[in-house]
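Trainee: I would like a close look at one part of this protein. Please take the aromatic pairs, and then place them in the rest of the chain.

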Amino acid sequence: MSASDAIENLAHDSRSFEPNPEFAKTAVATSELYDQASNDRMAFWKAQAEKLHWHKPFTEALDWTYAPFARWFADGKLNVAYNCLDRHVEAGIGSRVALYFEGEPGDEQVYTYSTLLAAVKKAANALTALGVRQGDRVAIYLPMIPEAVISMLAVARIGAIHSVIFGGFSADSIASRIQDAHAKLVITSDGGYRKGKASPLKPAVDEALRGNNCPTVEHVLVVERTGGDVDWSEGRDIWWKDAMHAAHEEHVAEAFDAENPLFILYTSGTTGKPKGILHTSGGYLTQATYTHRNVFDLKPETDIYWCTADIGWITGHSYVTYGPLANGATQVIYEGTPDSPHPGRWWEIIQKYGVTQLYTAPTAIRSFMKLGRAIPDAFDLRSLRLLGSVGESINPEAWMWYREVIGGNRCPIVDTWWQTETGAIMISPLPGVTHTKPGSAQVALPGINAQVVDDEGNPVGNDHGGYLTVAEPWPSMLRGIWGDDERYVDTYWSRFDGQYFAGDGAKRDEDGDIWLLGRVDDVMNVSGHRLSTTEIESALVSHHWVAEAAVVGAKDELTGQAVVAFVILRQDEIADAPNEADLAKVLRDHVAKQIGPIAKPRQILVVSELPKTRSGKIMRRLLRDVAEDRPIGDVTTLADSGVMGAIGNKIAGGATD
Ligand code: WT7
């Protein structure tokens, strides 16, 4: 959707909610942050960074000499894991609970800051014993179990770099990520519990490593979670528990440069190849910690915080592992799906642990809305005092339902806009300060310079739409794309001179508040997860039946967008192809195998031609009109204006999966 189309479609919602007076006390301090940041942005960020423990203090905030390659707090040294664990134990709060783990079958584990530190020290020693050193890459492919957090922190503790791969990705996706990063070690598990049953994970790793497919991998550490059968590669595979058992208990955290890489996280771009987004240590931890404290109004002594994101996504990095632990928070992590064994499982967890802050995605809220309020109403949710949303714009109806049914009309809602690339929250209301508006992420946080600009890169006025950019560097910004500096510059810094372009369209309302309007590039957002149209198209054409494919994100009531694919078949290859319904199934499964089940198209439509411009570019806008059942827009730039008629007829015939 072009930014201007989306602005036309935007619901004009004029509701607004006053800040909750209970937050007033924190709010005074929080609102001062805006003044401090606008008076002296660098002094403001230094003050935020100084809340961390620096083994060697920094003297300068930002070095922008090699723009757009930023260096923050570059002459300082710190240890990220020390900041998340040791310093809390040394400050005397070692007995505070860090993690309440709830397994899907109902098993529980509790880690205090002391016991989590002990586990991370042992894991750090185990990794060192396996030859992992500063700067080495470690791939992590685990379910949401404590070992996921422990692994990340152990890698960070020894100055190595983790690359967490979401458990829903296929063997091919694992292999390409391992190959791109030259990972030396993989940490996985036999499986995890999902939807009421044990679901294996290790087979995907085994397949990814088969033959000499990933020659850099020396060992695979395997956590035992389900007790299911696993294939074993002698010499390569090692049980996590054996490695932990053999490891020394003591481990002194070494100080690393602020710019020491912390992790790579792959995300979809506009081409077929995922981008390895690189984050480093000091700046990243500064902003993850600052935002987690202020956006969620964190009271670490009394709060029980719960972010439902998986560690496979950036939200799980910044708001499960690093932000909350650096702030000494107590949090819940849950392994399974929201509906196992019953549709009230999340509300039961909130009641059981007395959760105070819930941070989740609009797609989840919409699916609960669909099930009806009787389910959450059966649980005591009065412990909740703040609600957060992330991943896509939250539609005003879902926002209101979240506020009324889950938040009992008393909890502020923070709609947080950010990206894998930004590392931490950039735009969000602040509880107790901002008058919230259903559907709007509203204001840039103190210290962040977000802009809505026109085609020339000039800021638009109020009541106008355009492109969302960030006009000045920020501490948790990506430092590049792993192994591809040129792509980093081209993708983010070449559209508008001197500004980071986020890929999103946005609008400023009459008060100047920001409303996000979705991507303006070939990136889709399905259930808050980023998918590339091009990547799915490449997956489809890798099947021998398919000559050409065009993929669009069509509006979907539940998932925000859904993947709809248009394919042209190779007449010389389809002798063995079944009827259209079965063919669509085979192709959908093929995409799942190539990328992962999350990328499966909702619909596959067989067509004989695709709408293209005279220069050969597929006009996805027109296909989106078809997929969303709208009248087809302007076709004057089509090379062959008859094509859309043919496609329209085809849809009328109902060729869906
Ligand atoms: C894209 C980034 C940030 C963690 C989860 C997704 C969309 C994210 C919002 C929001 C409107 C949002 C944007 C952005 N997005 N949060 N509150 N309102 N849109 O991370 O996979 O890097 O995706 O998600 O389109 O560019 P990601």
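Mentor: What follows starts with one ring pair and then moves outward.

The model is predicted, so every value here is computed from predicted atoms. The structure holds 35 aromatic pairs. Take the one formed by Trp306 and Trp346. The two ring centres lie 5.4 Å apart, and the planes meet at 65 degrees. That makes the pair edge-to-face. A pair of aromatic rings is described by just these two things, the distance of the centres and the angle of the planes.

Where do Trp306 and Trp346 lie? Trp306 belongs to strand β16, residues 305-307. Trp346 belongs to helix α12, residues 345-353. The pair therefore ties together parts that are 40 residues apart in sequence.

Are these two rings' residues buried or exposed? Trp306 has 1% relative accessibility, so it counts as buried. Trp346 has a relative accessible area of 6%, so it is buried too. The cut-off for buried is under 20%.

Now follow helix α12. Its buried residues are Arg345, Trp346, Trp347, Ile349, Ile350 and Tyr353. Trp346, the helix partner in the ring pair, is thus one of a set of buried residues in α12. Just after the helix comes Gly354, with a positive phi of about 70 degrees. On the other side, the loop between β17 (331-334) and α12 holds Pro341. The peptide bond from Ser340 to Pro341 is cis, with omega near -5 degrees.

Most residues other than glycine have a negative phi, and most peptide bonds are trans. Keep that in mind for the next stops.

A second cis bond runs from Ala67 to Pro68, with omega near 5 degrees. Pro68 sits in the loop between β1 and β2 (71-72). Strand β1 covers residues 62-63 and includes Leu62. Leu62 has 17% relative accessibility, so it counts as buried. What does Leu62 touch, leaving aside neighbours within four places in sequence? Its contacts are Met42, Ala70, Arg71, Trp72 and Pro473. Look at Pro473 in particular. It is 411 residues from Leu62 along the chain, yet the two C-alpha atoms are separated by 8.4 Å.

Aromatic rings also form a cluster. Ring pairs link Trp64, Phe69, Trp474, Tyr488, Tyr492, Trp493 and Tyr500.

Phe73 lies in the loop between β2 and β3 (77-78). It is not a glycine, yet its phi is positive, at about 55 degrees. Its relative accessible area is 0%, so Phe73 is buried.

Compare His182. It also has a positive phi, near 55 degrees, and is a residue other than glycine. His182 is found in the loop between α7 (171-181) and β8 (185-189). Its relative accessible area is 48%, so His182 is partly exposed. One backbone feature thus turns up in a buried residue, Phe73, and in a partly exposed one, His182.

Ser151 gives a view of another helix. It lies in α6, residues 146-157. At 1% relative accessibility, Ser151 counts as buried. Beyond its neighbours within four places in sequence, Ser151 is in contact with Ile140, Leu142, Ile187 and Trp240.

Step back to the whole chain. There are 20 helices and 30 strands. Of the 657 residues, 60% count as buried. Among contacts with a separation of 6 or more, 72% join residues 24 or more positions apart. The Leu62 and Pro473 contact, at 411 residues apart, is an example of such a link.

Is the chain compact or extended by its radius of gyration? With 657 residues, a compact globule would have a radius near 26 Å. The protein chain has 24 Å, which agrees. Its C-alpha atoms fill a box of roughly 75 × 65 × 55 Å, taken along the principal axes.

Last, the surface and the charges. The chain exposes about 24,800 Å², and carbon and sulfur atoms supply 50% of that area. There are 61 positive and 86 negative side chains. The centres of the two sets lie 2 Å apart.

Notes:
Residues are numbered from 1 along each chain as its sequence is written. This is a predicted model: local features need pLDDT of at least 70, side-chain atom pairs count only at pLDDT 80 or more; totals for chains, interfaces and linings use all residues. Side-chain values use heavy atoms; hydrogens and water are left out. Helices (H or I, at least four residues) and strands (E, at least two) are DSSP runs, numbered from the N terminus. The radius of gyration is taken over C-alpha atoms; the globule rule is 2.2 Å times the number of residues to the power 0.38. Buried means under 20% relative accessible area, exposed over 50%, partly exposed in between (1.4 Å probe, protein chains only). Contact means heavy atoms within 4.5 Å. Accessible areas come from the Shrake-Rupley method with a 1.4 Å probe; for residues, only the protein chains shown count as cover. Lys and Arg count as positive and Asp and Glu as negative; His and the chain ends are not counted. The place of a charge is taken as NZ of Lys, CZ of Arg, CG of Asp or CD of Glu. Rings of Phe, Tyr and Trp (its six-membered ring) pair if their centres lie within 6.5 Å; planes under 30 degrees apart count as stacked, over 60 as edge-to-face and the rest as tilted.
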